[in-house]
Amino acid sequence: MGLHGARLAWTLWALSSMLVFGSVLLLAVNLTAVDAAGLGYWLNKVVAALALSTVGALVASRRRENIIGWLFEIAGLLYAITVFAGEYGIYASLTDSGSVPGGVGAVWIGSWLWIPSGSLVVFSFLIFPDGRLPSPRWRFVALLAGLAVCSVTASRALMPGTLEGSPESLSIGNPFGIRGAAEFLDAAGAVAAPLLGATALASVAAVFFRLRRAEGDERQQLKWAAYAVAVLAVAVAASSFSAAVDQSLFGRML
């Protein structure tokens, strides 16, 4: 892979950065048409996009054989697409309605793409630091995690009705919602959501499982991961508190 791998890593970083910059420009224009209710949600995803893309590019360009760097790159890119699609959709559908095509599709993408983005980050702990599972017994956890992410994402993306993730003044029906499947999708999401949480906790537990057995350089790497897990736990708690205080749509999505 060599030099080509490093170029690919920084190309993905540049793409994520351009999408974030584009979302900044669109946000500045969109604020004249909508209030700043979704600013916290937007900022949260922008920080994630830039941080993950940068860390991912640094790791992937130096340790191209380690999948973790590439997972971070992909997660950062997906977050960047999420924020750009959301602002583009608002611009095309509300700020200057009909001026550019694809507004509804962009809002639809922004309404669910953040789910696999965040999941990639959490589940990277399952294979930290060498890109491999702690042992073959963890394959079942990885399989359940994949199924849970796909189920929750599909439930959000295909649920008929008004799209979530847009300002209250912009009420758009899901263009890809499957009529007649609402009950099934709702049930699938209800089952998969706690499963997703459980497998996320298992991924976090994997770090401490490795830490108990690790020595030398690997132990030092895992200590940093443990600190990151602690920060992630605080962030999740803060997000939960924010959702409890702010009952708006964006508050629930933080």
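In the predicted model, Thr153 has its place in helix H6. The residue is buried, because its relative accessible area of 11% lies under the 20% cut-off. When residues up to four places away in sequence are not counted, Thr153 touches Trp112, Ile115 and Pro116. Thr153 also belongs to the contact that H6 makes with helix H4, and the description below therefore proceeds from this residue to H4 and its surroundings.

H4 and H6 (residues 139–158) pack with their axes 9 Å apart and at an angle of about 150°. Because angles over 145 degrees count as roughly antiparallel, H4 is roughly antiparallel to H6. The crossing of these two helices is right-handed. On the side of H4 the contact is made by Trp108, Ser111 and Trp112, and on the side of H6 by Thr153, Arg156 and Ala157. Sorted by class, the residues of this contact comprise three that are nonpolar, two that are polar and one that is charged. Trp112 is thus named both in the contact of H4 with H6 and among the residues that Thr153 touches.

H4 itself is mostly covered, with seven of its ten residues buried. The buried residues of H4 are Gly103, Ala106, Val107, Trp108, Gly110, Ser111 and Trp112. The cover over these residues includes helix H2 (39–62), H3, helix H5 (114–124) and H6. Trp108, Ser111 and Trp112, which H4 contributes to the contact with H6, are among these buried residues.

A further contact of H4 is formed with H3, where helix H3 (residues 67–95) and helix H4 (residues 103–112) have axes that come within 7 Å and cross at roughly 145°. The crossing in which H3 passes H4 is left-handed, whereas that of H4 and H6 is right-handed. From H3, the residues Ile81, Thr82, Ala85, Gly86, Tyr88, Gly89, Ile90, Ala92 and Ser93 take part, and they meet Gly103, Val104, Ala106, Val107, Ile109 and Gly110 in H4. Divided by class, this contact of H3 with H4 holds nine nonpolar and six polar residues, and no charged residues. Of the H4 residues that meet H3, Gly103, Ala106, Val107 and Gly110 are listed as buried.

H3 is also packed against H2, the axes of the two helices coming within 7 Å and crossing at roughly 150°. That angle makes H2 roughly antiparallel to H3. The crossing of H2 and H3 is left-handed, and the contact between them contains 17 nonpolar, five polar and three charged residues. Both H2 and H3 are included in what covers the buried residues of H4.

These helix pairs are set in a protein chain that has nine helices and zero strands, following the pattern α-α-α-α-α-α-α-α-α when read along the sequence. Of the 254 residues in the protein chain, 43% are buried. Among contacts in the chain with a separation of 6 or more, 70% are accounted for by residues 24 or more positions apart. The accessible surface of the protein chain comes to about 13200 Å², and 68% of this surface belongs to carbon and sulfur atoms.

Technical notes: Residues are numbered from 1 along each chain as its sequence is written. This is a predicted model: local features need pLDDT of at least 70, side-chain atom pairs count only at pLDDT 80 or more; totals for chains, interfaces and linings use all residues. Side-chain values use heavy atoms; hydrogens and water are left out. Axes are lines fitted to C-alpha atoms, for helices over the stretch in contact, and angles run from 0 to 180 degrees between N-to-C directions. Helices (H or I, at least four residues) and strands (E, at least two) are DSSP runs, numbered from the N terminus. A crossing is left-handed if the near helix is turned anticlockwise from the far one by less than a right angle, and right-handed if clockwise. Contact means heavy atoms within 4.5 Å. Ala, Val, Leu, Ile, Met, Phe, Trp, Tyr, Cys and Pro count as nonpolar, Asp, Glu, Lys and Arg as charged, and the others, Gly among them, as polar. Buried means under 20% relative accessible area, exposed over 50%, partly exposed in between (1.4 Å probe, protein chains only). Accessible areas come from the Shrake-Rupley method with a 1.4 Å probe; for residues, only the protein chains shown count as cover. Angles under 35 degrees count as roughly parallel, over 145 as roughly antiparallel, 65 to 115 as roughly perpendicular and the rest as oblique.
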